[in-house]
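User: I am new to reading protein structures and would like to learn how to make sense of a few features. Could you take me through one slowly?

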Amino acid sequence: MRTHTVGTPWRQEHGAVLVIGMLTLVLLSVLGVAATNTGSLESEMAGNEKTYIQAFYGAELALASGELIVEALAGRAALNEGSTAGRYSQGSLSFDNQTAFQLGKKGATPAQWQALRWDDADSATVPSLPSGLSQLGASPRYTIEQREFKSDSLGRGITYGESGIYYFNVAARGTGGTKSTNVLLETIYAKRFQ
């Protein structure tokens with residue numbers, strides 16, 4: 001018959017449970033902090049995606065509004081460039097995608113260009129917003145610029161002057177939930193006047 005004496009192995013392991021418990025608590029704490037950080041990061045990414053989508057849809061709406069204005073023009077002279085905000089003659093605007101990713105307009109001299117401010121003097125605003133875009137940082141805006149005229153011999157009916165197609169640049173800017181999120185879109189719209 002055997003008896004246990006002082007110094008047997010099971011009596012020397014009393015502190016091991018404490019060490020294993022502490023290591024388990026540290027490991028669970030690290031996992032909890034990592035899960036919290038991941039959740040915060042994913043929430044921030046979802047917010048950024050939402051504001052970008054708002055800006056994109058705002059720019060799409062402004063682009064469509066500018067195209068509707070061009071479609072509604074009765075003649076080339078109805079563009080009223082220089083007297084109506086957001087309407088420009090050929091060569092007045094330039095998209096700088098090399099350095100600033102912005103639309104610029106000619107300054108006082110032809111060699112001088114300024115950044116387009118997208119305000120009431122430089123651009124036109126979309127008249128009404130759908131309810132889904134009511135929380136934008138700024139109203140969507142657009143500009144219209146005559147790009148070029150290509151003459152042809154396809155005049156219909158009574159043609160005054162030269163027959164051809166006018167091309168217009170329609171540029172639009174949408175802003176997301178904050179003014180720091182901007183989307184610029186540009187399209188070329190062709191129109192034949194009678």
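**A buried charge and its surroundings**

Analyst: Let us begin with Glu145, which is buried yet has no salt bridge, the nearest side chain of opposite charge being that of Arg147, 7.0 Å away. Please keep in mind throughout that this is a predicted model.

User: What does the side chain of Glu145 reach, and at what distance?

Analyst: As a general idea, side chains of opposite charge can pair when their charged atoms come close. For Glu145 there is no salt bridge, but its side chain reaches the backbone nitrogen of Leu93 at 3.1 Å. Leaving aside residues up to four places away in sequence, Glu145 touches Tyr88, Ser89, Gln90, Gly91, Ser92, Leu93, Tyr167, Phe168 and Asn169.

User: In which strand is Glu145 found, and which strands pair with E6?

Analyst: Glu145 is found in strand E6, and a useful way to read a strand is to ask which strands it pairs with and in which sense. E6 pairs with E7 in the antiparallel sense over ten bridges, and within this pairing Thr143 stands opposite Ala171 in E7. Strand E5, residues 124-125, also runs antiparallel to E6 and is joined to it by two bridges, with Thr125 having Arg141 as its bridge partner in E6. Strand E1, residues 87-88, pairs with E6 in the parallel sense, again over two bridges, and here Tyr88 stands opposite Glu145. Tyr88 is therefore both the residue opposite Glu145 in the strand pairing and one of the residues that Glu145 touches, where contact means heavy atoms within 4.5 Å.

User: How many residues does the largest nonpolar core have, and which elements contribute to it?

Analyst: In soluble globular proteins, nonpolar side chains tend to be buried together. Here the largest nonpolar core has 19 residues, and those with the most contacts inside it are Val70, Tyr142, Ile144 and Phe168. Two or more residues come from each of helix H1 (16-72), strand E6 (141-151), strand E7 (164-175) and strand E8 (182-191), with H1 giving the most, five residues. There is also a second, separate core of six residues, which includes Tyr88, Leu103, Trp118 and Ala171.

User: How many salt bridges does the structure hold, and why does the pair of Lys191 and Glu71 tie together parts that are apart in sequence?

Analyst: The structure holds seven salt bridges, and one of them joins the side chains of Lys191 and Glu71, at 3.6 Å from N to O. Lys191 lies in strand E8 and Glu71 in helix H1, so this pair ties together parts that are 120 residues apart in sequence. The two partners can also be read by their accessibility: Lys191, at 10% relative accessibility, counts as buried, whereas Glu71, with a relative accessible area of 42%, is partly exposed.

User: With which residue does Arg147, the one named at the start, meet in a salt bridge?

Analyst: Arg147 meets Glu148 in a salt bridge through their side chains, at 3.8 Å from N to O. Arg147 is partly exposed, with a relative accessible area of 36%, and Glu148 also counts as partly exposed, at 26% relative accessibility.

User: Which residues are linked in a network of salt bridges?

Analyst: The network links Lys105, Arg117, Asp119 and Asp122. Within it, Asp119 forms a salt bridge with Arg117, their closest N and O atoms being 2.9 Å apart, and Asp119 is partly exposed, with a relative accessible area of 24%.

Definitions and conventions
Residues are numbered from 1 along each chain as its sequence is written. This is a predicted model: local features need pLDDT of at least 70, side-chain atom pairs count only at pLDDT 80 or more; totals for chains, interfaces and linings use all residues. Side-chain values use heavy atoms; hydrogens and water are left out. A nonpolar core is a set of buried Ala, Val, Leu, Ile, Met, Phe, Trp, Tyr and Cys residues joined through side-chain atoms within 4.5 Å. Buried means under 20% relative accessible area, exposed over 50%, partly exposed in between (1.4 Å probe, protein chains only). Helices (H or I, at least four residues) and strands (E, at least two) are DSSP runs, numbered from the N terminus. Two strands pair if DSSP finds at least two bridges between them. Lys and Arg count as positive and Asp and Glu as negative; His and the chain ends are not counted. A salt bridge is a side-chain nitrogen of Lys or Arg within 4 Å of a carboxyl oxygen of Asp or Glu. A polar contact is a pair of N or O atoms within 3.5 Å; within protein, one must be able to donate a hydrogen and the other to accept it, and residues adjacent in sequence count only if both atoms are side-chain atoms.
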